[in-house]
Amino acid sequence: MSEMQNIQWFPGHMTKTKRQIQASLKLVDAVAEILDARIPLSSKNPDLQKLIQNKPKVVLLNKCDMANQTATSRWIDYYASQGITAIAVDCKSGKGLNKFAPAVNNVLSERRERLKAKGMVNPMLRIMIVGIPNVGKSSFINRVAKQNRAKVEDRPGVTRGNQWYSIAKNIEMLDTPGVLWPKFDDKIVGERLAFTGAVKDQILDTELLAVRLLDFLRSLKPADFIARFKLEDIDLDAIDSYELLNVIGKKRGMLISGGEINTERAAIMLLDEFRSGKLGRITLEMPER
Ligand SMILES: Nc1nc2c(ncn2[C@@H]2O[C@H](COP(=O)(O)OP(=O)(O)O)[C@@H](O)[C@H]2O)c(=O)[nH]1
Ligand SMILES: [Mg+2]
């Protein structure tokens, strides 16, 4: 569990965070926005574009090991159609990280050309990581740092205290990510962040959350989910999600005295198994066509 899981955003905190990010943005030429590949919409910060303005951006669809591969490809195509470079990464195994430096090079090529035209030969260009809590910023930075040369220490002209990692020839990455808030005033967004474990479930009723997750699972019908709970004989369109939670609890023998099903325990188990990827690779949000 990340310490960031406990972040509570309040107006003063958001203002402070915004100021810190604006200060860091002055030091970089591009931004890498980390999203959760399972919920690319809900894991976005609603104000990022306003903050970074015209700075080139790379989108990292992280935790792609837990997302549906076809869905991730569709997201990458969707971003490409918007003129945005997106890559799928998995900080658990390191998969996809080799595409990071080329993607950064790609989005910075115009800027490099402009500087070259001004007579600057091979200038050092810099990038920073931003994202909401728990999306994998620290995991990404640690991975990339390990795979690349040692940290570049403070340099003249760069604010004291900033550390940089060399990620390619003439490209450095700031070691401290910008932590941004999700669109937390949207109930649907909050729910999806809770499904993935990005926000604490104490703020939401566990059984209700499990039932809402089952709404998705019932319509998506992932094979691993059906096999795991032996639901082959159940017509998922004929029952509601609360009934399905009961079915799952029963299949797992989660009974309380009197033979009643312990739906609370079933809910906790379902959410745990979804979060740990045991129900299969499931994407909950698709690009609009
Ligand atoms: N399965 C999987 N888990 C990941 C991946 N990246 C990060 N995590 C996990 O997600 C949680 C939050 O990651 P962390 O790097 O602390 O997020 P941060 O708050 O954005 O810095 C941790 O438990 C990580 O192990 C990934 O690509 N795949
Ligand atoms: Mg972190």
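Helix α5 (residues 137-147) gives the largest share of the shell around ligand 1, with three residues. That is a handy place to start looking at this model, which is a predicted one. The shell counts 17 residues in total, and those that come nearest to ligand 1 are D65, C91, N134, K137 and S139. Sorted by class, the surroundings of ligand 1 are quite mixed: six residues are nonpolar, six are polar and five are charged.

Some of the contacts with ligand 1 can be picked out atom by atom. At C91 it is the backbone that takes part, with an N or O atom 2.7 Å from an oxygen atom of ligand 1. S138 uses its side chain instead, and one of its polar atoms sits 2.9 Å from an oxygen atom of the ligand. K63 also offers a polar side-chain atom, in this case 3.0 Å from an oxygen atom of ligand 1. As for how much of the ligand is covered, ligand 1 on its own would expose 580 Å², and the protein buries 80% of that.

N134 deserves a second look. Besides being listed with the residues that come nearest to ligand 1, N134 has a phi of about 70 degrees, a positive value even though the residue is not a glycine. On the chain, N134 is placed in the loop between β4 (125-131) and α5, and α5 is the helix that supplies the largest share of the ligand shell. Is N134 buried or exposed? Its relative accessibility is 18%, so N134 counts as buried, the cut-off being under 20%.

A positive phi turns up at K221 as well, again in a residue other than glycine, with a value near 45 degrees. K221 is found in the loop between α7 (206-220) and α8 (223-228). With a relative accessibility of 32%, K221 counts as partly exposed.

Now for the wider view. The secondary structure of the protein adds up to ten helices and ten strands. The domain assignment splits the protein into domain 1, covering 3-179, and domain 2, covering 205-275. Taken over C-alpha atoms, the centres of domain 1 and domain 2 are 37 Å apart. Along the principal axes, the C-alpha atoms of the protein fill a box of roughly 80 × 40 × 35 Å. The protein has 289 residues, and buried ones make up 51% of them.

Charged pairs come next. Side chains of opposite charge can pair when their charged atoms come close. In this model the count comes to 13 salt bridges. One of them joins D215 to R212, with the closest N and O atoms 2.6 Å apart. Both residues belong to helix α7, where D215 and R212 are three residues apart, or about one turn of the helix. How accessible are these two partners? D215 has a relative accessibility of 27% and therefore counts as partly exposed, and R212, at 26%, also counts as partly exposed. The pair does not stand alone: K187, E191, R212 and D215 are linked in a network of salt bridges.

Other salt bridges reach across longer stretches of sequence. D233 pairs with K251, the closest N and O atoms being 3.4 Å apart. This pair links distant parts of the chain, with D233 in the loop between α8 and α9 (241-251), K251 in helix α9, and their positions 18 residues apart. D233 has a relative accessible area of 62% and so is exposed, whereas K251, with 38%, is partly exposed.

R252 forms a salt bridge with E273, and here the closest N and O atoms are 3.0 Å apart. Distant parts of the chain are linked once again: R252 lies in the loop between α9 and β9 (255-256), E273 lies in helix α10 (residues 263-275), and the two are 21 residues apart. What sets the two ends apart is their accessibility. R252 is partly exposed, with a relative accessible area of 30%, while E273 has a relative accessibility of 8% and so counts as buried.

Terms used. Residues numbered from 1 in each chain as written. Chains lettered and ligands numbered in written order. Heavy atoms only, no water. Near = heavy atom within 4 Å. Polar contact = N/O pair within 3.5 Å; in protein donor to acceptor, adjacent residues only side chain to side chain. Areas by Shrake-Rupley, 256 points an atom, 1.4 Å probe, with all protein chains shown as cover. Helix = DSSP H or I, 4+ residues; strand = E, 2+ residues; numbered from the N terminus. Nonpolar A, V, L, I, M, F, W, Y, C, P; charged D, E, K, R; others polar. Domains from an automatic or database assignment. Buried < 20%, exposed > 50% of the residue type's maximum accessible area, 1.4 Å probe, protein only. Salt bridge = Lys/Arg side-chain N within 4 Å of Asp/Glu carboxyl O.
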